[in-house]
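Please walk through this protein with its coordinates open, beginning with its cysteines and moving outward to its helices and annotated sites.

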Amino acid sequence: MAADMLANTRVGFIGAGQMAEAIARGLDKAGVVPANKMCASDVNVGRMKVFESLGTSVCSSNTKLAETSNVLILAVKPQVAEKVVTDMKPSLSKDHLLVSIAAGIPISKLQDWAGEARIVRVMPNVACMVGETAAGMSLGKTATPADSDLVTTMFESVGKIHVVDEKLLNAVTGVSGSGPAYIFMAIEALADGGVAAGLTRDVAMSLAAQTVLGSAKMVLETKKHPGELKDMVTSPAGTTIAGIRELEDRGFRSALINAVVAGAKRGEEMSKY
């Protein structure tokens with residue numbers, strides 16, 4: 001169903017920032033939506049030139065974008081989203097699907113601003129830029145199962161996406177929205193440890209980053225519990241258990257759990273503004 005819908009889909013990007021670019025590149029590369037069936041609008045001329053270089057057309061206004069596209073991806077800063085969408089409202093109809101990736105804006109507000117347009121809210125993360133996003137999405141009241149299939153197909157071109165209740169999108173933010181920052185910190189710390197142990201910076205950084213990549217791939221592909229995979233590496237009285245003991249002494253797991261919960265709570269606070 002989604003494939004049939006996508007054949008007749010024209011995607012418009014309201015905002016042409018890096019996240020929008022990553023999605024556009026992913027859609028085109030995967031053959032889901034070719035670049036010549038996409039359009040973008042942005043006040044930044046430089047960003048528009050980037051989209052033109054992809055083979056994507058550009059629109060002089062968001063109103064024109066709505067006239068030429070039936071799937072609109074709202075990729076602007078949250079603080080300008082209300083003005084942008086309300087200005088477009090006269091051009092939006094029930095035939096438009098508005099997919100918002102603007103953080104912290106609930107579906108109820110988006111629906112008020114957009115009128116009859118169907119709404120899907122998506123929380124992607126920065127790894128969208130390398131085709132490995134971990135995203136969550138929630139459907140508005142008038143969004144259909146076909147809309148869900150279509151958005152899933154689109155975002156699977158740049159990673160993985162899960163349908164969740166909107167009340168859980170803040171939890172998604174806590175895990176995968178903010179999570180990359182924690183992993184970047186972990187990679188940096190692992191590399192620093194390697195340097196402290198005598199490795200050159202470039203070798204230590206490469207080893208650390210590849211270790212995280214390989215470990216994540218093992219979790220996804222083997223489907224084994226991370227604890228089971230951890231035990232595969234942990235020999236009696238060996239180097240790994242010595243390191244794990246240090247991490248446990250310093251509350252490593254508790255710190256990550258608390259970080260996720262703190263991020264989710266902050267997301268909830270922001271959505272009330």
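A disulfide is taken here to be a pair of cysteine sulfur atoms within 2.5 Å. In this model, which is predicted, Cys-39 and Cys-59 satisfy that rule, since their sulfur atoms are 2.4 Å apart, and the count of such links comes to 1 disulfide. The link of Cys-39 and Cys-59 is right-handed, with 130° about the S-S bond. Cys-39 belongs to strand S2 (residues 38-41), whereas Cys-59 sits in the loop between strand S3 (57-58) and helix H4 (62-68), so the pair ties together parts that are 20 residues apart in sequence. Both Cys-39 and Cys-59 are buried. Cys-128, by contrast, takes part in no disulfide, and the nearest cysteine sulfur, that of Cys-39, is 19 Å away. Cys-128 is nevertheless buried as well, with a relative accessible area of 1%.

These cysteines can now be placed within the whole protein. The protein has 13 helices and 8 strands, and its C-alpha trace spans about 70 × 40 × 35 Å along the principal axes. Of the 273 residues in the protein, 40% are buried. Among contacts between residues at least 6 apart in sequence, 63% join residues at least 24 apart.

An unreviewed UniProt entry places the feature "domain: Pyrroline-5-carboxylate reductase catalytic N-terminal" at residues 10-104. In the model, the span of residues 10-104 is 41% helix and 19% strand, and its end C-alpha atoms lie 26 Å apart. An unreviewed UniProt entry also carries the annotation "binding site" at Asn-62, a residue found in helix H4. Leaving aside neighbours within four places in sequence, Asn-62 is in contact with Ile-14, Ser-41, Val-84 and Met-88.

A pair of helices comes next. Two packed helices are described by the angle between their axes and the distance between the axes. For helix H2 (residues 18-29) and helix H3 (residues 45-53), the axes come within 11 Å and cross at roughly 5°. Angles under 35 degrees count as roughly parallel, and H2 and H3 are therefore roughly parallel to each other. On the H2 side the contact is made by Gln-18, Ala-20, Glu-21 and Ala-24, which meet Arg-47, Val-50 and Phe-51 in H3. The residues of this contact of H2 with H3 divide into 4 nonpolar, 1 polar and 2 charged.

Further along the chain, which residues of helix H8 (residues 169-177) are buried? They are Leu-169, Asn-170, Val-172, Thr-173, Gly-174 and Ser-176. What covers these buried residues of H8 includes two strands, S6 (118-123) and S7 (133-139), together with two helices, H9 (179-196) and H13 (252-271).

One more buried position deserves a look, this time in helix H7 (residues 145-155), where Ser-148 is found. Is Ser-148 buried or exposed? Residues count as buried under 20% relative accessible area, and Ser-148, with a relative accessible area of 11%, is therefore buried. Not counting residues up to four places away in sequence, Ser-148 touches Met-137, Leu-139 and Val-163.

Conventions. Residues numbered from 1 in each chain as written. Predicted model: local features only at pLDDT ≥ 70, side-chain atom pairs only at ≥ 80, totals over all residues. Heavy atoms only, no water. Axes fitted to C-alpha atoms, helices over the stretch in contact; angles between N-to-C directions. Helix = DSSP H or I, 4+ residues; strand = E, 2+ residues; numbered from the N terminus. Parallel < 35°, antiparallel > 145°, perpendicular 65-115°, else oblique. Contact = heavy atoms within 4.5 Å. Nonpolar A, V, L, I, M, F, W, Y, C, P; charged D, E, K, R; others polar. Buried < 20%, exposed > 50% of the residue type's maximum accessible area, 1.4 Å probe, protein only. UniProt positions renumbered as here; feature names shortened; annotations may be inferred.
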